[in-house]
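Let's take a walk through this one, strand by strand and then into the core. Have the viewer open and follow along.

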Amino acid sequence: MKRAIPCLAATMLALGAWLGSSVTACASSTQAAPIHYDAGRRTFRIDAGKITYAFGVNGNGALQTLYWGARLMANDPLPTAAPPAPRSSFDPAGANTPQEYAGWGGPITVMPDLKVHFADGNRDLVLRYDSYRIVDGTLMVTLRDKQAGVSVVLDYAVDANTGIIGRSARIENHATQAVTLDRVAAASWNLPPATDYSLRYLTGTWAGEWHLRTRPLTPGATELESRRGSTGDENNPWFAIGRGAEWNESRGRVWFGALAWSGSWSIHIDQDVLSQVRVTGGYNPFDFAYQLEPGQSLDTPVFYAGYTDDGIGEASRLMHQFERSRILPAHAQLKLRPVLYNSWEATEFKVDEAGQERLAEKAAALGVERFVVDDGWFGARNSDHAGLGDWTVNREKFPNGLKPLIDKVHGLGMSFGLWVEPEMVNPDSDLYRKHPDWVLNFDGRQRSLGRNQLVLNLARDDVSEHIFHVLDDLLSHNDIQFLKWDYNRNWSEPGWPQQTPEQQQKVYVTYVQHLYDIIRRLRERHLGLEIESCSGGGARVDLGIMSLTDEVWPSDNTDPSDRLSIQDGFSYAYAPAVMMAWVTGSPNWVNGRSSSLDFRFLSSMQGGLGIGANILQWTPAEDATARGYIAAYKDIRATVQLGRLYRLLSPQERAPHSATESVATDGRQAVLFAFLRQGQEAQAYPTLYLQGLDETARYRYRLIHGKAANGTPEVASGAYWMHRGIDLELRGDMDAAAAVFERIGKVANGSR
Ligand code: GLA
């Protein structure tokens, strides 16, 4: 696999020459040099964005974290690396060293990054500093256990704007015998010792993803993980850690990060006996084994992390900026999400040419820009019991293939999208009847079904080639602009009987490598193709899949009230630029809750707007409402999708009030959304204080929907909107409002 840091590495600052003992390694016209090596002290220092990160080689030759936090002054001294003093015979010298990347060997008690066993029975691995180099702006530090013949090359790729660092490792077997990797992390992030840390993380389930949870970090370990074969939604591979009670939305030190991997993963957070906190992320060691023959190597995914002094809100904004500029495929970075129509909730599997054409005509008339045909268009797919795997157009539903519908959609001025679930197969399918050995399974054992389907073993070359060619053919013969790429179950019985027992567990790595490779090749061959990552909702959202796709489906739950919490949770880790949100029917199918079309639109306008209702049943009045919102959305979507997001009132824990604000990157526009799930007695809606405006600029406000208190000025300064705030009149149950603030110039004399 190519190392998964291409965007970051490509935009890294150019390197200067290495001179003398204190060297400036990188420089650009606008940024201070980000990487310095002090050969006298044997320390590396990275300065980027508002952070400094430093590590050094200690007297034992171990690579030890020295500092990770707010930016230090250029001449501030850094200590030379020295391991913590031994505390007792149970914590001897070297046991607790906060190593950058630790092998399990010697006396260590910190969580190792790499644990191995050799063919001869040895399991001891002591990694010591060997050398460094800088390639295309990425610092590469080599560690080695000379006797064992194992090297690890650590990569540090730095984003100069956000200060987010991407770290990964390459494990190389230089020995004359095979080595099996039992546990492989991408990196460990060491935080300064403290006893008052708390952890925020995301958890959920199908139709209930993205709940934000907080728990204190106490001595012992916390494991965020997926053992499901894919990213999963039980936990998401993202974390944020802050100090004590002092951190909130806009204040406090926050260390945060995310792992770019779409297979089973683990982020292990450990507070040790010295109150040191270590965050180790990589492949999930559960059921993991990866054997390297002599001369072979393995690249890990990238574990990204950042730091801010300015609370979890700023941590999210740094992540959003980083994702948009460094993770998303280049052509997706500045592209706005088109308004989309998808009939899944309206028609389910009952798709056919005439019905889809009627929907397309109506959608276009409402202002929709992309029309997507969901499940049911192929094979014998009339329910979820059959057809998956047979990617040929169902001629009963589309007698002349997809072309007439695609032409119609294009003629209406919309792009065309199609649902696929390429990694799966129904036992009742031609593909499975022909290739029953293509699925994950253990010889002779039961094959557990999920949604009546099995998982194709993409780790097999023949299977992944088949999937690539099927999709390549589909895209070559049909003028398709967009694929909704679904993935609707977990792994079970993850055997690979065609491999030797020693090689079978590579499936956890090779499957995902092949998945990435298929998508990369499709994108290379079909330039401009856009892809949505969907997994029964939001079960495959991570920075790995995001680097190859354009948008994600956060949840099958389209209830606009539940969506407020789902979208809020999502926004801690991921950018609104990729978050799709549909307006669907009322009452909602998930929970039977009724809501107005206004509430549904405003909830969905917080991300990439889609329509998923049966629009053929809408009344003329509803059509007019929809047309109005879609037009309004097009005016604000650059701000919503690409702007700086401020969470003003949190909808978590089913809070009645919630509000968000997005400020355009050029500062010209701010968009405010406010929601009331359930009014209480005669209480007024809380005053909303805007953020991120220019105090000395004047802003004209207008409502997209809702009512502001009498006396709200039409024009006022940024200072006014941020400090006096705005009072919106939201009442009753399920009420919503939205307002736009346009910057119209500077305050007359610029003074208070
Ligand atoms: C999954 C997706 C839905 C829809 C169905 C189709 O559940 O999350 O949006 O595409 O599959 O079967």
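Start at Val-179, whose bridge partner in strand S19 is Leu-292. Bear in mind that this is a predicted model. Val-179 sits in strand S11, which covers residues 179-191, and S11 runs antiparallel to S19 (residues 290-292), with three bridges joining the two.

S11 has other partners too. Strand S18 (residues 277-283) is also antiparallel to S11, this time with six bridges. To find that pairing on screen, look for Ala-187, which stands opposite Gly-281 in S18. Then there's strand S6 (residues 114-118), paired with S11 in the antiparallel sense over five bridges. Here the spot to look for is His-117, which has Thr-180 of S11 as its bridge partner. What about solvent? S11 is mostly covered, with 13 of its 13 residues buried.

Now for the nonpolar packing. The largest nonpolar core takes in 150 residues, and the ones with the most contacts inside it are Leu-114, Trp-377 and Phe-601. Helix H8 (residues 507-525) is the top contributor, giving ten residues to this core. Apart from that core lies another one, of 32 residues, including Trp-247, Ala-332, Leu-543 and Val-578.

Which residues does Phe-601 touch, not counting those up to four places away in sequence? They are Val-583, Leu-609, Ile-611, Trp-618, Ala-626, Tyr-629 and Ile-630.

Phe-601 also leads us to the next stop, since its number falls within helix H11 (residues 597-604). H11 lies across three strands, namely S34, S35 (697-705) and S37 (733-746), and runs at about 50 degrees to S37.

Those three strands belong to an open sheet of six, with antiparallel pairing and the order S32-S33-S34-S37-S35-S36. At the edges stand S32 (644-649) and S36 (715-717); each has a single partner strand, so one side of each is left without a neighbour in the sheet. From one strand to the next, the twist averages 25 degrees.

To look at one pairing in that sheet, pick S33 (residues 657-663) and S34 (residues 669-678), which run antiparallel and are joined by seven bridges. Within that pair, Ser-658 stands opposite Phe-675 in S34. As a general point, strands of a sheet pair through backbone hydrogen bonds, either parallel or antiparallel. It's also worth remembering that in a regular strand the side chains alternate between the two faces of the sheet.

Terms used: Residues are numbered from 1 along each chain as its sequence is written. This is a predicted model: local features need pLDDT of at least 70, side-chain atom pairs count only at pLDDT 80 or more; totals for chains, interfaces and linings use all residues. Side-chain values use heavy atoms; hydrogens and water are left out. A nonpolar core is a set of buried Ala, Val, Leu, Ile, Met, Phe, Trp, Tyr and Cys residues joined through side-chain atoms within 4.5 Å. Buried means under 20% relative accessible area, exposed over 50%, partly exposed in between (1.4 Å probe, protein chains only). Helices (H or I, at least four residues) and strands (E, at least two) are DSSP runs, numbered from the N terminus. Contact means heavy atoms within 4.5 Å. Two strands pair if DSSP finds at least two bridges between them. Axes are lines fitted to C-alpha atoms, for helices over the stretch in contact, and angles run from 0 to 180 degrees between N-to-C directions.
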